[in-house]
Amino acid sequence: MPVIVAENISKKYIIDHKNQRSGGTIRDWFSETSRRLFSRNNLENQANTREEFWALRDVSFEIERGDRVGIVGHNGAGKSTLLKVLSRITEPTSGRVNIKGRVASLLEVGTGFHPELTGRENIYLNGSVLGMTRQEIKKSFDAIVDFAGVERFLDTPVKRYSSGMYVRLGFAIAAHLEPEILIVDEVLAVGDAEFQKKSLGKMRDVSESGRTILFVSHNLTAVQSLCNKAFYFEKGRLLEHGDTTHIVSTYLSRVSQKSLEHVWDDPSNAPGNDQVRMKCVKLVPNYLDGLLHIDVRTSMKLVCEFWNYEDNAMLNLSIHLYAYTGECIFNVGTKAQTFSKGIVEAVCEIPGNFLNDGSYVISVMMVKDTSQVLFNLEEIISFDIQDYREGVTWYGKWPGYIRPQLKFTISQTEPVTND
Amino acid sequence: MARNITIKPGSSVKEYWKDLWEHRQLLWILSKRDISVRYKQTLLGIAWSVIRPLATMIVMTIAFSVVAKLKPDEGVPYPLMVLGGITIWTFFSNTFVQISNSITLNSNLVAKVYFPRLIMPLSAVSVGLVDFLIAFVLYLLISIVGYSYWPSSNIVYLPFFILLTFMTAFGFGLFFAAVNVRFRDIAQLIPFIVQVGIYACPIAYSSQMVAGTWYYKYHLLNPIVSLVDGFRWCLLGNNAYFDIRSLYSTIIISTIALVLSVTYFRKKESSFVDHL
């Protein structure tokens, strides 16, 4: 049974190019209005200064009871606008949504917290703002305080709280809401790893109790582990929806194929010199079943082809792999070898379960006689590796540049029988 | 509490008032917040609610009675006339200012949660109301102890005038609150309106001094005149000047203002978030 049915919802914003200052003043409004009244070709003028921007366009979907829907997309794709429309903060320009059940939306942690009020007062304030009744807040008061771990500071104004305490208290209140439909925007972006773990765990509890969740996050690992369905938004449209793994992969394949290959068909404009010219450099991922993006498990091949114009040339290729921060992760080279004229191919295999998630760039260097650098193609390939985890409940950034699967054993060596 | 909600451009009126009723706890809690935050981190705390009207009374008495030699109504001590005027005017102007700023001051809430936006102007009244009650007790003390002037039996009409004052402040404030979201000029305009108002309304002087002049008919059109004169009439008795015609104009103007601004506010509130 669908609990949310959206039919063709659209949301239009007007961007005023002329008046870029924040807000508007009455003077601007008067001048704008009079200009429109008195100018003949007002339609043309209007088009020049005002631009329509569709934050959402003809979005239709159904969400079933108990669905956990992750919403993915680039910044400005309309995710947050959708949540705002569904939580009734802003009205759609057209279309309609039917919602069955009580909705709580959590677009920010600690909405309405007043810095001068104490933790205790703010629990009541924030709880009411989020739609809890006084009785409900009273009932879960101890649980909230316990979850947030702020017992000692209950009667301290929240302006004296550390930012961590502030966020924990805010989330604790929200976590004790008992809505049928929970709308959550990016709350996991805040707080430390410990807190993120706690809050994701809480969200999983909520979802397991059969409630419906809508979840926007840039943390795709969290989306994948928490949601059974996903929506992919691009430029205000719902591009695709369905099974989370599939949607996340579609989304990532669009993001991560930055520049995986360079091919020069014509030697005249290929990089190099009279001795050697590059023909192609490409990174070929060996995608895992059903995936369209590189994750930490994916193995890859770096293939380089070049034209060699001299007989008996002693050549070797050297590649550098850098993290996006600029550190070199490794440098490997082929053996120096003598080639005759023609096309030469070099292949470097990068295993799966080796590099950590992140963004990387590769530079390819051609070396003659093991000492003379003929040319260096800097940052010719760039690619992203996505995170993938299973069997963990922690979604913070995995540290390190590499994530090898080493042989690492653990066993009990001396059991103690207790009787 | 299973509910079906339909979200579409322009929502229904009946649903809205039901929603407002269901959010009454929020109204209460926001009012409480405003009151408890008011004098946080001040040394004198709530004493400020006493000091401010008292100081204004002393200044006005010296300026207008001693220096400018304005006459009070027959049989009414000048300081009491001024204090009565200040008490009701302060209630009006505080309420009006708070309501006008209520949406912009709560912009963080408007951007992040849904509730009927009328909750904000309604809860903004609380601070003005508490201040008024304190000032009113102060007035009674000064009147009875200082001048042995007991409130007249007209005091039974007092709740009516207080309600009318509230209604007037709400009617005008609500309109400004909605416009303030779009045009922040309003925030600049409001202190000016309040400043002019204190002279345009019979606070330091009696309406009797205006009676008979060519501009008296315009004076009667000012909706605040009957609120001030009526308030004094309730407390000081028939000695205080009160032209019943000014009351009619207040009732008509305030009712129209209230209806229009509630309609306007309702029309605009769904797009508040886009302009904040």
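Which residue forms a salt bridge with Asp295(A), and how many Å apart are the closest N and O atoms? The partner is Arg297(A), and the closest N and O atoms of this salt bridge lie 2.8 Å apart. The two residues differ in their surroundings, because Asp295(A) has a relative accessibility of 2% and counts as buried, whereas Arg297(A), at 28%, counts as partly exposed. These values, like the others that follow, come from a predicted model.

Chain A offers a useful starting point for the fold. This chain has nine helices and 18 strands, and of its 419 residues 47% count as buried. Among the contacts in chain A with a separation of 6 or more, 70% are made by residues that stand 24 or more positions apart.

One strand of chain A can serve as an example of how its strands are joined. Strand β13 of chain A, which covers residues 313–323, is mostly covered, with nine of its 11 residues buried. Nine bridges connect β13(A) to strand β17 (residues 358–368) of chain A, and these two strands run antiparallel; within this pairing, Leu315(A) has Lys368(A) in β17(A) as its bridge partner. An antiparallel pairing over five bridges also joins β13(A) to strand β14 (residues 328–333) of chain A, where Ile319(A) is matched with Val332(A) as its bridge partner in β14(A). The hairpin formed by β13(A) and β14(A) has four residues between the strands, and in this hairpin Gly326(A) takes a positive phi near 105°. Strand β15 (residues 337–339) of chain A pairs with β13(A) as well, in the antiparallel sense and over three bridges, with Met314(A) standing opposite Thr338(A) in β15(A).

From the strands we can turn to charged side chains, for the structure holds 17 salt bridges over all chains. In one of them the side chains of Glu136(A) and Arg102(A) meet, at 3.2 Å from N to O. This pair links distant parts of the chain, since Glu136(A) belongs to helix α5 of chain A while Arg102(A) lies in the loop between β4 and β5 of chain A, 34 residues apart. Arg102(A) has a relative accessible area of 18% and is therefore buried, while Glu136(A), at 22% relative accessibility, counts as partly exposed; the cut-off for buried is under 20%, so the two residues fall on opposite sides of it.

Chain B supplies a salt bridge within a helix, in which the closest N and O atoms of Glu269(B) and Arg266(B) are 3.2 Å apart. Glu269(B) and Arg266(B) are separated by about one helical turn because they stand three residues apart in helix α11 (residues 244–269) of chain B. Both Glu269(B) and Arg266(B) are buried. In chain A, by comparison, salt bridges that share partners join Asp357(A), Asp387(A), Arg389(A) and Arg403(A) into one network. Another acidic residue of chain A, Asp384(A), is found in strand β18 (residues 372–385) and counts as buried at 9% relative accessibility; its side chain makes a polar contact of 2.6 Å with the side chain of Ser359(A).

The last part of the picture is the interface of the two chains. The size of an interface is often given as the accessible area lost when the parts come together. Chain A and chain B bury about 3700 Å² between them, and 56% of this area is on carbon and sulfur atoms. On the side of chain A, the residues that lose the most area to chain B are Arg88(A), Ile89(A) and Glu91(A), which together account for 20% of what that side buries. The contact takes 47 residues from chain A and 37 residues from chain B.

Two salt bridges are found across this interface, and Arg88(A) takes part in a salt bridge with Asp19(B), whose closest N and O atoms are 3.5 Å apart. There are also six residue pairs in polar contact across the interface. The largest share of the side of chain A that touches chain B comes from β4(A), which gives seven residues. By class, that side of chain A has 17 nonpolar, 16 polar and 14 charged residues. Strand pairing also crosses between the chains, for β4(A) and strand β1 (residues 4–7) of chain B pair in the antiparallel sense over four bridges, and Asn98(A) stands opposite Thr6(B) in β1(B).

Note on methods
Residues numbered from 1 in each chain as written. Chains lettered and ligands numbered in written order. Predicted model: local features only at pLDDT ≥ 70, side-chain atom pairs only at ≥ 80, totals over all residues. Heavy atoms only, no water. Contact = heavy atoms within 4.5 Å. Buried area = accessible area lost by both parts, 1.4 Å probe. Salt bridge = Lys/Arg side-chain N within 4 Å of Asp/Glu carboxyl O. Polar contact = N/O pair within 3.5 Å; in protein donor to acceptor, adjacent residues only side chain to side chain. Nonpolar A, V, L, I, M, F, W, Y, C, P; charged D, E, K, R; others polar. Pairing = 2+ DSSP bridges. Buried < 20%, exposed > 50% of the residue type's maximum accessible area, 1.4 Å probe, protein only.
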